[in-house]
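Thanks for sending this one over. Here are my notes, as numbered points, to read with the model open beside you.

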Amino acid sequence: MKALAHAGLVVLGALVGTAGALVQGGWFPGGLLLALLATFFLFYAGLRATGSHLGILSAGAGWLVAVILLSRGRGEGDQLFWGGLADLVYVLGGMSLAVICATLAVVPQHHGPARPLDK
């Protein structure tokens, strides 16, 4: 079941990376903010859904592969990233958000009643 969740996060990461690449260039500056927010929530959802930092790694791997493939361009000269400021902020900001989410502590879930620490 966990493998399915991680595979889903990889696919979702690729979708968010592709959508973010399209939105950040099309609706600057609001699209850039929207793309970075979606990227942050993807990484944070990966952390919360799996309960470990591997969820961030899975989502981040899909996001990074999509962004790298889209930045390569084609032989005809078609590409989504042209090296402008918004493109760099999206790529570097997305990687920074992954690191920020990776440093967040996973809060353990308590399933029993609360009790005093001194007993």
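1. Helices here are DSSP runs of H or I with at least four residues, numbered from the N terminus. Tyr 44 lies in helix 2. Please keep in mind throughout that this is a predicted model.

2. Let me begin with the overall layout. The chain has four helices and zero strands, and along the sequence the pattern reads α-α-α-α. Of its 119 residues, 30% are buried. The accessible surface comes to about 7700 Å², and carbon and sulfur atoms account for 73% of that area. If you look at contacts between residues at least 6 apart in sequence, 73% of them join residues at least 24 apart.

3. Now to the interior. The largest nonpolar core holds 17 residues, and Phe 43, Trp 63 and Tyr 90 have the most contacts inside it. Helix 1 (2-26), helix 2 (30-50), helix 3 and helix 4 are the elements that each give this core two or more residues. Helix 2 contributes the most, with six residues.

4. How many aromatic pairs does the structure hold? There are four of them. In one of these, Phe 40 and Phe 41 meet edge-to-face, with 5.4 Å from centre to centre and 65° between the planes. Phe 40 counts as partly exposed because its relative accessibility is 24%, whereas Phe 41 is exposed, with a relative accessible area of 52%.

5. Trp 63 and Tyr 90 deserve a point of their own. Their ring centres are 5.6 Å apart and the planes stand at 65°, so this pair is edge-to-face as well. Trp 63 sits in helix 3 and Tyr 90 in helix 4, so the pair ties together parts that are 27 residues apart in sequence. Both residues are buried, and both are among the residues with the most contacts inside the largest nonpolar core.

6. Back to Tyr 44 for a moment. Ring pairs link this tyrosine with Phe 40 and Phe 41 into a cluster. Is Tyr 44 buried, partly exposed or exposed? It counts as partly exposed, because its relative accessibility is 32% and the partly exposed class runs between 20% and 50%. Leaving aside residues up to four places away in sequence, Tyr 44 touches Cys 101 and Leu 104. The C-alpha atoms of Tyr 44 and Leu 97 are 9.2 Å apart, although 53 residues separate the two along the chain.

7. On the outside, I would look at the nonpolar surface patch. Leu 64, Ile 68, Leu 88, Leu 92 and Met 95 make up this patch, which covers about 420 Å². Helix 3 (54-72) and helix 4 (85-103) each supply at least two of its residues, and helix 4 gives the most, with three. Leu 88 is in helix 4, and it counts as partly exposed because its relative accessibility is 45%.

8. Finally, a word on His 6, which is found in helix 1. This histidine is buried, because its relative accessible area of 17% is under the 20% cut-off. Which residues does His 6 touch, not counting those up to four places away in sequence? They are Thr 50, Leu 54, Gly 55 and Ser 58.

Note on methods:
Residues are numbered from 1 along each chain as its sequence is written. This is a predicted model: local features need pLDDT of at least 70, side-chain atom pairs count only at pLDDT 80 or more; totals for chains, interfaces and linings use all residues. Side-chain values use heavy atoms; hydrogens and water are left out. Patches are made of residues with over 30% relative accessible area and no salt bridge: like charges are joined within 9 Å, nonpolar side chains (Val, Leu, Ile, Met, Phe, Trp, Tyr) within 5 Å. Accessible areas come from the Shrake-Rupley method with a 1.4 Å probe; for residues, only the protein chains shown count as cover. A salt bridge is a side-chain nitrogen of Lys or Arg within 4 Å of a carboxyl oxygen of Asp or Glu. Buried means under 20% relative accessible area, exposed over 50%, partly exposed in between (1.4 Å probe, protein chains only). A nonpolar core is a set of buried Ala, Val, Leu, Ile, Met, Phe, Trp, Tyr and Cys residues joined through side-chain atoms within 4.5 Å. Contact means heavy atoms within 4.5 Å. Rings of Phe, Tyr and Trp (its six-membered ring) pair if their centres lie within 6.5 Å; planes under 30 degrees apart count as stacked, over 60 as edge-to-face and the rest as tilted.
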